[in-house]
Protein chains: 2
Amino acid sequence: MTKIEELIELIIGRTNINLREFSMDVGPYVRGIIPKKHFWKFYAFYGMTQHHPLSFSFQRSGLAGSFFLGYCDIDRSVIYKTDVRGDELKLEGDTIDVGDIQITLQKDEKIYIKDSFLIKNLVHNYSHDPEDLGEFGIRNTISMHYANIHGSPLRGCFLGPYATVDLTTAHDCVIGEFAYVQVGELNHELVGPGEVWIRSGEDFDFVYQFPTEILPKYIQMNKEEQPSGLLIDFVEQRQGDFWEVFGRVQFGQARLMLESAAVSRYAVIKGDVHIGENVLIAQRAYIEDSTMGKGANAQENCYIIDSHLMGNNVTAHGGKVIHATLGEDGFVGFNAFLRGSEKSPLTVGKNCVVMPHTIMDLEEPLTIPDAHFVWGYIRNQKDFEENSLSMEDFIKVEGDLAMGNMHFSGSGRAFVKAFAQRIDHILEANGAYFQAGEQSGHAQMGRNISYNLIEPYPEGDMRGMYPTISITP
Amino acid sequence: MTKIEELIELIIGRTNINLREFSMDVGPYVRGIIPKKHFWKFYAFYGMTQHHPLSFSFQRSGLAGSFFLGYCDIDRSVIYKTDVRGDELKLEGDTIDVGDIQITLQKDEKIYIKDSFLIKNLVHNYSHDPEDLGEFGIRNTISMHYANIHGSPLRGCFLGPYATVDLTTAHDCVIGEFAYVQVGELNHELVGPGEVWIRSGEDFDFVYQFPTEILPKYIQMNKEEQPSGLLIDFVEQRQGDFWEVFGRVQFGQARLMLESAAVSRYAVIKGDVHIGENVLIAQRAYIEDSTMGKGANAQENCYIIDSHLMGNNVTAHGGKVIHATLGEDGFVGFNAFLRGSEKSPLTVGKNCVVMPHTIMDLEEPLTIPDAHFVWGYIRNQKDFEENSLSMEDFIKVEGDLAMGNMHFSGSGRAFVKAFAQRIDHILEANGAYFQAGEQSGHAQMGRNISYNLIEPYPEGDMRGMYPTISITP
């Protein structure tokens with residue numbers, strides 16, 4: 001057994017200990033899931049800019065294909081083709097309000113990943129856990145293909161493929177494939193596949209459950225098999241375009257269409273693409289024959305194909321938009337899959353919120369009016385009506401509301417407001433509001449970035465493992 | 001002034017202090033010599049293999065375009081497009097005999113470069129200075145384009161373009177353009193342009209002086225100008241081929257023609273090239289329409305064009321061979337420039353030694369018989385006769401010998417023996433004698449190498465400077 005295989009076994013063991021109450025053995029899902037040679041086939045890389053604290057520490061880990069930005073400390077972990085993006089970490093001197101308590105950070109926040117195995121994940125944002133301020137930690141955790149870990153400290157967890165844990169501290173939890181949780185804190189919970197769960201304290205609780213007969217078509221996970229389904233196929237079919245992008249050393253600035261936009265050197269831009277002001281196209285985003293209106297963004301693992309985004313559109317990590325027109329100020333949540341076609345195009349009005357993990361796989365043309373929430377599984381007009389609500393109506397909800405597979409309880413007004421604030425924050429953070437040198441965001445601050453490429457030991461039993469690397473100013 | 005410009009001024013000052021007895025101001029030769037933007041245009045990179053101690057430390061330095069292998073510690077220096085190749089450094093436990101004294105190294109030897117500015121240099125081999133064992137140090141030194149620093153600790157020196165300091169500790173010396181010294185130790189000396197000087201204690205002393213009217217055609221250096229001349233033009237004309245090689249991320253092993261050969265991923269291989277067993281083609285070597293016979297090698301900055309190397313040919317750093325046939329077991333020394341042409345081809349017999357810094361720029365066909373030493377400036381048969389001696393005759397020399405611009409004194413036998421031993425050592429070190437898994441050298445040990453690419457700060461006044469990077473196992 002090579003060192004990297006030993007390390008994976010160690011992580012399996014540590015994760016299993018944490019999950020023992022579920023009698024869960026994660027081994028058969030994970031063992032051999034990455035062909036061994038892939039651990040030394042792909043370089044890892046880290047970014048340096050003037051705007052992010054410079055501190056990287058990599059120890060006793062495999063990092064193949066992964067990207068790191070900001071203050072990252074990786075120890076005894078296998079981080080495979082994963083983006084660890086610390087560009088919103090809190091800084092020394094930042095003051096955090098938690099109710100009546102104010103704490104000022106004494107040190108820049110860091111992302112600390114230990115004894116964990118992350119596969120094609122997106123790790124972004126800062127910790128929302130006030131109990132361990134200044135550390136966005138992931139420990140004893142295994143997270144499968146295309147999962148998003150967003151401001152979510154994790155300890156002893158197993159995340160299925162395309163799972164998203166958003167602003168949630170989770171201890172000893174299993175999050176099933178394509179499940180989405182944004183619930184603040186989770187302890188010893190098992191969240192089933194395709195559950196979309198958003199809870200804000202006592203204010204509201206939103207749950208949508210994907211039909212179990214539908215989900216496997218899009219994503220499924222079985223023991224001793226690669227994850228499969230349409231979402232995996234979709235991405236794999238387009239992998240070749242990324243080889244070209246990752247295979248070239250790209251000097252200097254991000255590719256600039258306009259002075260205020262940033263297009264990552266590690267994004268695929270294909271066909272006839274128009275990029276407006278203040279647009280952010282992150283690495284591993286894929287844009288083909290589309291228009292990105294002013295302030296629109298495409299985050300990591302987004303695919304935008306044959307589409308027109310009118311402006312200030314947030315396409316959250318892993319969102320996919322095909323043959324669609326998206327009105328201004330719209331939000332497409334994590335891992336949403338919106339697939340129109342020439343025969344069945346999708347038109348989304350202004351100010352709409354496509355909830356995270358929504359699948360719209362159209363069999364007829366569909367137009368969504370302005371200011372609507374949509375969720376769940378939508379193939380046609382009828383599905384749409386069962387899986388949507390206008391904001392005007394949502395605001396009026398107080399108490400319980402059940403529609404199809406969705407159950408809501410609490411204050412509709414608080415729910416709508418929470419989304420509006422979050423979208424506004426994302427646009428601001430991404431630099432969509434940049435004007436006359438003010439209100440810079442990722443689009444502007446990520447323009448001047450250096451990438452350093454690192455490779456593992458090339459042979460022997462350390463093959464695929466990286467040496468101890470420390471980068472400081 | 002940006003930080004990197006400040007650093008260069010600091011190095012100019014430190015070098016000038018060391019050279020004050022010569023009233024030398026190196027500033028006008030160095031200031032602005034590298035266009036500012038080049039400091040952030042090219043990545044630096046370091047290699048990792050199983051065969052070399054892994055320890056890199058980069059601090060407060062600019063490293064654009066440079067390569068590092070082995071134990072390197074770089075501090076407050078500008079290392080520009082320079083290869084620092086520590087693949088022959090001494091290791092902990094190695095015992096060094098200096099006369100009757102034996103010392104065992106307590107630590108792996110390192111290359112330590114401090115307060116120095118090296119431009120397109122080749123730094124290779126271990127320190128031959130027994131007074132500072134275990135450290136191959138370069139301090140307060142400026143070294144110009146394509147200079148070779150070969151096992152030669154330097155302190156307070158200025159090396160002109162295409163100078164070579166070989167196995168020589170030099171303190172407070174100026175080595176002129178295209179000068180070659182291999183003399184053990186030098187203190188407060190000024191070696192003029194085009195002087196080729198090889199001395200071994202009391203055994204022998206060889207000096208050749210290039211005619212001052214000839215040298216500027218090939219290389220010259222003036223204040224406030226880029227170095228110029230045919231040698232510079234020759235290299236610059238072929239630079240475009242290297243852009244392609246350096247612009248591609250190249251995964252995995254060295255390019256392999258045969259199992260026992262190593263062709264660096266950073267070499268240019270162009271046209272119809274044949275590579276024999278045990279061949280070593282180092283990075284920044286350029287091979288075009290040529291045959292590299294078994295055990296032949298091309299070291300850094302070598303150009304081999306339209307030529308046939310029959311086998312076990314050493315082409316030392318910076319050697320250039322055009323339209324030539326080189327017989328077996330031949331040596332072409334540092335920076336030698338052998339330019340035949342279709343009309344005036346060069347044929348060199350077996351076992352010949354082309355001395356370092358020889359220029360053969362033929363105006364008629366020339367055939368050099370087996371077992372000859374050649375040196376100096378050769379354009380035709382007449383020049384050859386004035387600038388060569390058969391080994392048979394050289395062995396007989398005892399005392400003084402003057403031929404043209406060459407003066408020899410001492411034991412010819414010792415001189416011939418010293419070269420034979422050195423060539424044999426180089427072939428062995430390079431792996432030319434590899435057979436059945438035994439006698440590995442650089443050709444075999446450099447096959448599995450990882451390259452890590454690093455870039456400097458991309459903007460602000462630190463632009464072009466690298467952060468503090470430490471790499472250990």
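Here is a walk through this structure, from its two chains down to single strand pairs. Keep in mind that the model is predicted.

Let us start with how the two copies relate. A turn of 180 degrees, with a shift of 0.0 Å along the axis, lays chain B on chain A with an RMSD of 0.0 Å. That is the relation of a two-fold axis. Both copies use the same surface for the contact, as 100% of the contact residues of chain B recur in chain A.

What does that contact consist of? Chain A gives 32 residues and chain B gives 32 residues. On the side of chain B that touches chain A, β48 (450-454) and β49 (468-472) of chain B each supply at least two residues. Sorted by class, this side of chain B holds 17 nonpolar residues, eleven polar ones and four charged ones.

Strand β49 deserves a closer look. In chain A, β49 (residues 468-472) is joined to β49(B) by five bridges, and the two strands run antiparallel. Within this pair, S470(A) stands opposite S470(B). As general background, strands of a sheet pair through backbone hydrogen bonds, either parallel or antiparallel.

Now let us move inside chain A. Its domain 1 covers 3-235 + 449-471, and its domain 2 covers 262-434. Between the C-alpha centres of these two domains of chain A there are 24 Å. Their contact draws 26 residues from domain 1 of chain A and 27 residues from domain 2 of chain A. On the domain 1 side, the elements giving two or more residues are β11 (122-124), β17 (164-166), β23 (195-200) and β24 (204-209) of chain A. The largest share, six residues, belongs to β24(A). By class, the domain 1 side of this contact in chain A has 16 nonpolar, five polar and five charged residues.

Finally, chain B offers a sheet to trace by eye. Eight strands form an open sheet in the order β25-β28-β31-β34-β37-β40-β43-β45 (chain B), and the pairing is mixed. Which strands stand at the edges? They are β25 (262-263) and β45 (388-390) of chain B; each has a single partner strand, so one side of each is left without a neighbour in the sheet. Further along the order, β34 (residues 314-315) and β37 (residues 331-332) of chain B run parallel and are joined by two bridges. To find this pairing at residue level, look for T315(B), whose bridge partner in β37(B) is V332(B).

How values were computed:
Residues are numbered from 1 along each chain as its sequence is written. Chains are lettered from A and ligands numbered from 1 in the order in which they are written. This is a predicted model: local features need pLDDT of at least 70, side-chain atom pairs count only at pLDDT 80 or more; totals for chains, interfaces and linings use all residues. Two residues are in contact if their C-beta atoms, placed from the backbone, lie within 7 Å. Helices (H or I, at least four residues) and strands (E, at least two) are DSSP runs, numbered from the N terminus. Ala, Val, Leu, Ile, Met, Phe, Trp, Tyr, Cys and Pro count as nonpolar, Asp, Glu, Lys and Arg as charged, and the others, Gly among them, as polar. Two strands pair if DSSP finds at least two bridges between them. Domain bounds come from an automatic or database domain assignment. Copies are superposed by least squares on the C-alpha atoms of residues with pLDDT of at least 70 in both.
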